[in-house]
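Below are some notes on the structure you sent. They cover one glutamine, one pocket and the cysteines.

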Amino acid sequence: MSFQILVSTMNNKFHSRNLTLDIPHLIINQITKDIRPVEDKHTINMYTSGLSVSRNEALSNASSDICLISDDDLTYIPNIHQSIQQVFNLYPDADIITFKISRSEGEDYKKYPNKPFYHNMRTLMKVSSVEIAIRRNVIEDKLRFDEDFGLGAKYPTGEEIIFLTDALKQGKSILFYPLTIANHPDISSGSNYSIGNLAKAKGAMLYRVFSSKSYLLCLAFAIKHHTKTPYTLKEFTRELIGGALEYKERMKKEIDN
């Protein structure tokens with residue numbers, strides 16, 4: 001069973017770390033500045049932007065049985081590819097497996113269960129993209145990231161949740177396994193609601209996944225999380241539902257056209 005890490009980076013950032021990555025890997029390097037791209041056998045240079053665009057290019061060019069989604073700021077546990085392969089061998093029915101990541105101090109990046117379990121729509125809401133490993137035969141089924149979502153897109157969040165819930169709707173089996181695979185810096189833009197239109201983007205993501213059920217989910221999300229944002233409960237709810245309604249109208253226009 002072969003293995004490959006799929007790294008998304010921009011403007012040679014991953015290469016500037018000068019890592020010796022002894023695991024098979026493919027790097028998608030998006031160039032948005034006037035710089036000279038890195039030319040090597042592991043790198044595909046793209047003159048585009050958008051994280052989901054990068055992820056999809058990686059999936060389209062992947063060549064191994066097991067592919068691990070990655071960003072350019074992770075530090076992987078030594079020999080982690082062997083451990084991940086062992087988990088996939090242990091669960092041959094699992095099409096996708098999500099794992100754990102840790103913070104710079106070594107503790108878990110978030111609260112994870114202690115035992116393996118199969119994901120449902122609710123538990124997938126907590127998964128980060130760099131926790132995801134995929135059997136490539138799932139990729140060959142044309143499962144892709146929605147390029148309207150993710151950093152650099154119109155809605156700069158939620159691309160991994162949409163990817164995974166699309167997979168679940170297609171009948172894919174998605175497992176969580178409590179193995180720490182990498183260390184991740186503590187900063188994450190995915191929960192900083194002072195940045196741009198992140199609240200509306202979250203509402204749009206909820207509509208993309210749950211359709212008309214999203215309005216109640218927007219309210220529930222606002223009640224739970226508004227204290228972590230610069231908004232009041234009413235403002236945060238309005239932003240979330242506004243994003244859901246905006247996405248609904250956008251999709252309606254695309255269908256009508």
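1. Contact here means heavy atoms within 4.5 Å. The model is a predicted one, and residues are numbered from 1 along each chain.

2. Gln4 sits in strand β1, which covers residues 3–10. Its relative accessible area is 7%, and the cut-off for buried is under 20%, so Gln4 counts as buried.

3. What does the side chain of Gln4 reach at 2.9 Å? The partner is the backbone nitrogen of Ser63. Ser63 is also one of the residues in contact with Gln4 once neighbours within four places in sequence are left aside. That list includes Pro24, His25 and Leu26, as well as Ala62, Ser64, Ile66, Cys67 and Leu68.

4. The second largest pocket has a volume of about 250 Å³. Its lining is made up of 19 residues, and those nearest the centre are Thr20, Leu21, Asp22, Ile23 and Tyr76. By type, the lining has 11 nonpolar, 5 polar and 3 charged residues.

5. Which elements each supply at least two residues of that lining? They are β1, β4 (66–71), β5 (75–76) and α3 (80–90). Strand β1 is also where Gln4 lies.

6. On the cysteines, Cys67, a contact of Gln4, has a relative accessible area of 0% and is therefore buried. Cys218 is buried as well, because its relative accessibility is 0%. A search of the whole structure for disulfides finds 0.

Note on methods
This is a predicted model: local features need pLDDT of at least 70, side-chain atom pairs count only at pLDDT 80 or more; totals for chains, interfaces and linings use all residues. Side-chain values use heavy atoms; hydrogens and water are left out. Helices (H or I, at least four residues) and strands (E, at least two) are DSSP runs, numbered from the N terminus. Buried means under 20% relative accessible area, exposed over 50%, partly exposed in between (1.4 Å probe, protein chains only). A polar contact is a pair of N or O atoms within 3.5 Å; within protein, one must be able to donate a hydrogen and the other to accept it, and residues adjacent in sequence count only if both atoms are side-chain atoms. On a 1 Å grid over the protein atoms alone, a cavity is a set of points where a 1.4 Å probe fits but cannot get out, and a pocket is an open set with protein on both sides within 12 Å along at least five of seven lines; lining residues have an atom within 4 Å of a point. Grid points are joined across faces, edges and corners, and a volume is the space filled by probe spheres set on the points. Ala, Val, Leu, Ile, Met, Phe, Trp, Tyr, Cys and Pro count as nonpolar, Asp, Glu, Lys and Arg as charged, and the others, Gly among them, as polar. A disulfide is a pair of cysteine sulfur atoms within 2.5 Å.
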